[in-house]
Amino acid sequence: MPKPTATRQALLAARLEAVMRRQGLSIRQLAIRARLPLSVVQKLIAGEGRQTSVWTLAQLADTLAVSLDYLTGRTNSDKGGVQALDAGEDAMPQPAAKRP
């Protein structure tokens, strides 16, 4: 039985490859667009990305315009890529105003 980590690595690799194929990107092109070392992207595609930084995965998700949840297998929908924050917008939601 495969280890859960190995299964997650394989899923990440498969999803990266599928999105790259749909977008017509090579591994080298993805690395350049994501501003990541080629060796890092190669390892992820090969299913060898052990303890990959969340920031690396987020950079790939942003570059491919898919959600981090999709790449990591938390959802099966590859829709709903990135929603960038405006310069003055906070990342945390504001509490609702209290009613009198």
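## Exercises on an all-helix model

From the N terminus on, the elements of this predicted protein model run α-α-α-α-α. Let's work through it together.

**Exercise 1.** Find how many helices and how many strands the protein has.

*Solution.* Start with the order of elements, which reads α-α-α-α-α from the N terminus. Then count each kind: the secondary structure comes to five helices and zero strands.

**Exercise 2.** Work out which parts of the model carry high or low pLDDT.

*Solution.* Begin with the whole protein: the average pLDDT is 81, and 74% of the residues score at least 70. Next, turn to the elements. Helix α2 (residues 27-34) has the highest mean pLDDT, 97, while helix α1 (residues 4-23) has the lowest, 90. Finally, look at residues 82-94, where the pLDDT is below 50. Beyond near neighbours in sequence, this stretch has three contacts in the model. Where pLDDT is low, the predicted coordinates should not be read in detail.

**Exercise 3.** Decide whether Gly 49 is buried or exposed, and describe its surroundings.

*Solution.* First, locate the residue: Gly 49 sits in the loop between α3 (38-45) and α4 (54-64). Second, check its relative accessible area, which is 17%. Buried means under 20%, so Gly 49 is buried. Third, list its partners: leaving aside neighbours within four places in sequence, Gly 49 is in contact with Gln 9, Lys 43 and Leu 44. Last, compare sequence with space: Gly 49 and Arg 8 are 41 residues apart in sequence, and their C-alpha atoms are 9.9 Å apart.

**Exercise 4.** Find what share of the protein's residues counts as buried.

*Solution.* Take the 100 residues of the protein; 29% of them count as buried.

Technical notes
Residues are numbered from 1 along each chain as its sequence is written. This is a predicted model: local features need pLDDT of at least 70, side-chain atom pairs count only at pLDDT 80 or more; totals for chains, interfaces and linings use all residues. Side-chain values use heavy atoms; hydrogens and water are left out. pLDDT is the predictor's confidence in each residue, from 0 to 100. Helices (H or I, at least four residues) and strands (E, at least two) are DSSP runs, numbered from the N terminus. Contact means heavy atoms within 4.5 Å. Buried means under 20% relative accessible area, exposed over 50%, partly exposed in between (1.4 Å probe, protein chains only).
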